[in-house]
Amino acid sequence: MKFMKLGNRPDTFFTTEAIRSVSSEVSTDLQIQVHNSLYQLHKFPLLSKCLRLQKLCSALKDTSEHTVILLPDLPGGAEAFEVCAKFCYGITITLSALNIVPVRCAAEYLQMSDDADHGNLVGKLELFFKSCILRRWKDTLVMLQSTRNYSPLCEELGITGRCIDAIATAIIASPTQAITSSHSRKAAPKNWWAGDISELGIDHYWRVMVAVKSAGIVPNKLIGEALRIYARRWLPNMSRNGQQNELEADDSLPESPTEAAVKHRLLMEKIVSLLPTEKGSVSCSFLLKLLKAANILHASTSSKTELARRIGLQLEEASVDGLLIPLDSNSSGTLYDVDIVMAMLEEFLLQGQSPATSPPREKLRCERRRSRSSENVEFEAQENSRRSSSASHSSKLRVAKLIDGYLQEIARDEKLPMKKLIAIAEAVPDFARLDHDDLYRVIDIYLRVHPELDKNARKQLCRILDCKKLSVEACMHAAQNELLPLRVVVQVLFFEQSRAAMSGGQVTELPSNIKALLAKTTAGGEDRDALKLHHIGTATPLEDGWSISRLKCPATKLATLKTKLAEEEDNDMDDDLIPRDALMRSASSRFKALCSFPKKPKRIISKLLAMNRSASERN
């Protein structure tokens with residue numbers, strides 16, 4: 001750190017009975033009160049260099065010689081005044097970035113300019129500031145930080161602005177090499193400056209970053225990393241449950257919780273305003289942390305909307321834990337902010353970077369078989385386009401998996417409205433879900449957590465499920481899930497049988513409980529009133545997973561399934577959960593009869609039995 005020495009006389013100031021004075025053969029003739037300190041000095045050295053003291057003494061010339069001149073608003077207090085007084089006496093003083101700001105402000109207050117005396121203190125301090133401090137990185141930072149206590153006067157004198165310009169210029173000139181002086185640089189991490197400027201207050205930091213961004217030279221990723229470091233330094237950390245951890249201690253005065261919240265909220269909104277516009281310049285995890293903090297700190301709607309928009313642009317980088325954004329603990333609504341995740345998903349889908357369906361495989365095969373002759377350039381262009389499309393297609397596959405994992409988490413919230421769950425599930429494009437096993441888990445979890453749902457609500461929820469995309473394990477679980485509507489159970493069985501037949505294999509036997517159900521319901525052997533006494537929808541303990549090993553005793557579900565069938569027969573079956581054209585794409589003649597698919601569950605089961613009987617006769 002650079003320093004400057006002025007004067008050559010030894011320090012002769014002393015204290016006696018709480019009074020500061022200077023050793024001299026001449027008696028003192030000037031008393032000055034600075035805050036709580038009283039000084040007894042001499043008029044000649046001080047008045048010759050301080051125009052303000054000249055004016056004050058001139059106004060008091062007719063009063064008693066013991067009159068005290070009061071300087072209650074002198075910047076820097078007694079310590080800065082004493083440095084100025086020593087300069088007037090020619091006593092040696094040492095100045096550096098650590099103390100130059102209060103001394104410069106005090107000298108300005110006392111009007112120690114060249115108008116009073118040539119070579120006065122203000123001119124010497126300005127020369128040292130321009131030629132030494134502004135040329136050194138650390139010194140400029142230290143001086144800028146010390147302007148916080150004298151902000152109005154430092155702004156007026158241009159000290160703050162010049163420090164900010166010097167710091168921004170140093171970053172722009174060498175964003176990847178640390179500057180040790182005006183002539184030397186050394187190898188350092190690419191964001192060598194980010195940690196240093198993170199110690200600045202938000203007002204100074206914001207001005208530095210605006211100047212750096214406006215130059216358009218520093219890479220956006222370095223700017224994004226600098227913002228992450230600053231937010232980590234000053235914003236309170238937010239855990240998953242939304243509880244605020246303690247903020248790093250600083251040297252500021254103690255603040256009330258309300259004042260701290262306001263301070264953090266303003267800081268948050270300033271950081272959001274500095275985020276680079278380029279996609280990927282800031283990590284998705286950092287944006288999600290900012291959004292969680294914004295919710296806790298009650299940041300402005302515009303800030304939260306902007307964060308959600310930016311997260312949506314790179315949603316494929318997010319994690320399920322990151323999307324679990326807690327709401328205010330005082331809120332009586334859901335545990336997590338579901339609406340803002342929906343906004344992210346909509347923003348992601350609006351990018352229009354991926355096709356509505358997967359890239360046509362036949363077309364790609366044809367392109368690969370082209371001869372690399374006169375069509376070589378055209379082929380390369382199409383291939384590059386295909387790769388770009390494929391990359392965006394894969395991002396939608398990742399987002400679909402992410403959203404299904406998120407739905408499994410929020411489905412455990414007892415206060416989550418079913419409409420919000422369905423809205424998020426349906427927002428994901430159909431092609432992005434290669435299977436519906438995760439979606440079935442969502443439905444299963446939600447039904448177990450919300451046993452109060454009636455039959456119509458369960459049917460509405462199950463409409464988001466495509467049974468054709470269920471794995472064998474999921475089908476076995478769904479076929480015996482007593483919480484599902486009967487039509488979904490039968491639909492699962494039907495498509496499982498159809499899938500086995502269309503794959504060229506033998507149609508498997510229907511479960512014995514389904515056969516028994518069909519026989520008894522067609523014979524009318526069961527009393528409907530007795531069937532209605534059974535309870536459906538009995539919730540079982542909620543588990544995170546399910547497997548085939550839990551499903552080896554289907555016979556116990558017979559009564560429940562019969563009850564469901566009786567209830568379905570008592571009501572109009574106007575909801576068609578099974579698409580009638582589900583099997584129209586099949587070229588096999590043995591399944592033409594399935595093209596007109598019956599609505600009634602009993603008829604569906606009859607169709608399945610007919611399929612099994614025909615398969616048995618052929619064998």
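## A buried pair of rings

Let's start inside this predicted model, where Phe13 and Tyr89 are both buried. Six aromatic pairs occur in the structure, and Phe13 with Tyr89 makes one of them. Their arrangement is edge-to-face, with 6.0 Å from centre to centre and 85° between the planes. This pair joins distant parts of the chain: Phe13 belongs to strand 2 and Tyr89 to helix 3, 76 residues apart.

## The sheet and its helix

Strand 2 also leads us to an open sheet, built from five strands in the order 2-3-5-4-6 with mixed pairing. Strand 2 (13-16) and strand 6 (68-70) each have a single partner strand, so these two stand at the edges and one side of each has no neighbour in the sheet. From one strand to the next, the twist averages 30°.

Take a look at strand 6 and its partner. Strand 4 (residues 30-34) pairs with strand 6 in the parallel sense, over three bridges, and Gln31 is found opposite Val68 of strand 6. Helix 3 (residues 77-89), the home of Tyr89, lies across strand 2, strand 3 (19-22), strand 4 and strand 5 (37-41). Its direction is at about 10° to strand 5.

## More rings to find

Further along the chain, Tyr205, Tyr230 and Trp234 are linked into a cluster by ring pairs. Trp234 has another companion: Arg233 lies over the face of its ring, at 3.9 Å from the ring centre.

Another charge over a ring involves Lys468, which lies over the face of Phe495 at 5.4 Å from the ring centre.

How values were computed: Residues numbered from 1 in each chain as written. Predicted model: local features only at pLDDT ≥ 70, side-chain atom pairs only at ≥ 80, totals over all residues. Heavy atoms only, no water. Pairing = 2+ DSSP bridges. Helix = DSSP H or I, 4+ residues; strand = E, 2+ residues; numbered from the N terminus. Axes fitted to C-alpha atoms, helices over the stretch in contact; angles between N-to-C directions. Contact = heavy atoms within 4.5 Å. Phe/Tyr/Trp six-rings, centres within 6.5 Å; stacked < 30°, edge-to-face > 60°. Buried < 20%, exposed > 50% of the residue type's maximum accessible area, 1.4 Å probe, protein only. Lys NZ or Arg CZ within 6 Å of the ring centre and 35° of its normal.
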